[in-house]
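Hi,

Here is the structure I promised to pass on. Have a look at it first, and then read on for what I found.

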Protein chains: 2
Amino acid sequence: MTDSSPTPSAVNALPAKQQQLIQTAFALFYRDSIHGVGINQILQEAGIAKKTLYHHFASKDELVLAVLAYRDEVFFNWLEQRIRSASSTEDTVQHWFAALDDWFHNRVAELQEFRGCFFMHSAAEFTDPAHPVHQHCAQHKTRLSGMLSKHLGQWLDSRKAKKLADDLGLLKEGAIVCAQVQGNKKAARQAALIAQSLLISAH
Amino acid sequence: MTDSSPTPSAVNALPAKQQQLIQTAFALFYRDSIHGVGINQILQEAGIAKKTLYHHFASKDELVLAVLAYRDEVFFNWLEQRIRSASSTEDTVQHWFAALDDWFHNRVAELQEFRGCFFMHSAAEFTDPAHPVHQHCAQHKTRLSGMLSKHLGQWLDSRKAKKLADDLGLLKEGAIVCAQVQGNKKAARQAALIAQSLLISAH
DNA sequence: AACAAAATAGACCGATCGGTCTACCTTAAG
DNA sequence: CTTAAGGTAGACCGATCGGTCTATTTTGTT
């Protein structure tokens with residue numbers, strides 16, 4: 001496919017219908033899982049014709065990957081913004097779990113109603129580590145950890161920053177699961193306390 | 001492993017086919033998710049007729065619930081056994097994460113090849129907290145936490161025991177997710193170190 | 001006005017979904 | 001032997017699956 005018209009500026013502005021499909025698909029996938037939602041359901045919900053979907057995406061699999069990329073971007077940007085203003089290691093930890101707490105209590109509009117981690121869920125539906133979906137999920141978490149690690153690098157040497165970032169990542173996953181499966185909305189605060197003891201004993 | 005004891009007539013014990021269906025269904029659900037596996041696939045894999053399935057279970061939903069109960073029992077019994085011999089709070093924590101470490105490294109035959117927490121995955125497929133499947137998943141984790149808390153009660157007062165059990169539960173979930181999504185098999189040891197700092201700072 | 005890309009509705013395809021049903025075979029207890 | 005329950009194979013049901021296709025209309029550029 002050759003695009004004859006020169007596009008000087010950013011390409012990241014996707015066609016409107018494509019965005020609408022991705023957002024609708026995400027909402028449905030997030031609620032009922034990927035395998036649990038059919039193409040026709042997405043089309044009906046979005047009010048978009050089937051031909052249009054297959055004009056933008058070669059298959060359901062490609063739509064799924066686009067949805068993962070979309071959620072990755074939204075979530076990453078949100079969380080990065082939340083810890084950006086932190087002014088110390090301790091402050092970053094506070095911000096990290098305060099953000100999760102807001103998410104669990106549905107105080108973050110752009111993340112939709114909390115239903116756990118979409119990437120966790122998707123990786124569970126595609127257990128083969130070589131599958132593109134699974135790899136995308138792993139990448140998301142690696143990317144988050146890297147972002148946090150880099151941020152902590154302002155006050156810690158890189159080895160300690162990476163280790164703490166890994167630990168905060170593990171605590172984040174644990175909190176998300178507890179919040180989602182058992183409805184324990186206080187899980188973010190619980191994880192924050194655990195992280196506190198981590199900082200104390202690291203002295 | 002299957003028992004090859006010479007009991008030709010006793011092999012036809014009543015629940016044999018039912019058990020076989022449940023075990024086959026679990027293996028498939030665990031690998032490809034519940035919504036991703038059809039009835040016919042289960043029947044073909046198990047070598048059992050469709051009529052037999054619907055003789056034992058009223059619907060796929062009921063089979064799913066039976067599979068959850070089966071996994072719940074296997075997992076609970078295994079983990080309880082693993083911490084039963086612990087002789088102190090610290091020892092229990094060691095046993096707890098050593099068990100997870102064995103699981104992640106596929107050293108526990110009865111749990112099948114590690115693919116994360118089946119209840120976590122199932123709760124993600126049925127996000128409605130009122131759905132029987134979701135409730136069963138929540139119950140599983142509550143039951144595990146209760147078991148651990150009771151065990152820790154040997155050396156701690158009940159309030160501290162419950163709090164520590166909750167924290168160990170959160171760390172367990174976090175480790176499972178890291179091990180499954182990112183393939184980080186060292187997550188159990190990582191979580192164990194976090195738990196260590198928890199015990200130290202609790203003094 | 002002309003034209004191409006984008007989008008529309010919806011019929012249609014073979015395959016599979018969960019589930020029902022008929023008909024026959026095997027087994028154990030009375 | 002009789003009988004009833006558990007099991008077999010597999011045809012069959014309407015619905016939905018992911019995906020293709022025809023025919024038509026909308027839209028933006030030139």
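**Contacts with DNA strand C**

In this predicted model, a polar side-chain atom of A:H55 sits 3.4 Å from a phosphate oxygen of DNA strand C. Chain B reaches the phosphates of this strand too: B:N40 places a polar side-chain atom 3.4 Å from a phosphate oxygen, while B:K60 uses a backbone N or O atom, at 2.7 Å from a phosphate oxygen of DNA strand C.

Stepping back to the whole surface, there are 17 residues around DNA strand C, and A:T52, A:H56, B:I39, B:K50 and B:K60 come nearest. On the DNA side, sugar and phosphate make up 60% of the strand C atoms that come within 4 Å of the protein. By class, the surface near the strand is made of 7 polar, 5 nonpolar and 5 charged residues.

Which helices each supply at least two residues of that surface? They are helix 3 (50-56) of chain A, plus helix 2 (39-46) and helix 3 (50-56) of chain B. Helix 3 of chain A gives the largest share, with 4 residues.

**How the two chains are related**

Chain A superposes on chain B by a rotation of 180° with 0.0 Å of shift along the axis, at an RMSD of 0.0 Å. The two copies are therefore related as by a two-fold rotation axis. Both copies use the same surface, as 100% of the contact residues of chain A recur in chain B. If you want to find the axis on screen, look for A:G174: of the residues of chain A, its C-alpha comes closest to the axis, at 1.8 Å.

Best wishes

Definitions and conventions
Residues are numbered from 1 along each chain as its sequence is written. Chains are lettered from A and ligands numbered from 1 in the order in which they are written. This is a predicted model: local features need pLDDT of at least 70, side-chain atom pairs count only at pLDDT 80 or more; totals for chains, interfaces and linings use all residues. Side-chain values use heavy atoms; hydrogens and water are left out. A residue is near a molecule or strand if one of its heavy atoms lies within 4 Å of it. A polar contact is a pair of N or O atoms within 3.5 Å; within protein, one must be able to donate a hydrogen and the other to accept it, and residues adjacent in sequence count only if both atoms are side-chain atoms. Ala, Val, Leu, Ile, Met, Phe, Trp, Tyr, Cys and Pro count as nonpolar, Asp, Glu, Lys and Arg as charged, and the others, Gly among them, as polar. Copies are superposed by least squares on the C-alpha atoms of residues with pLDDT of at least 70 in both. Contact means heavy atoms within 4.5 Å.
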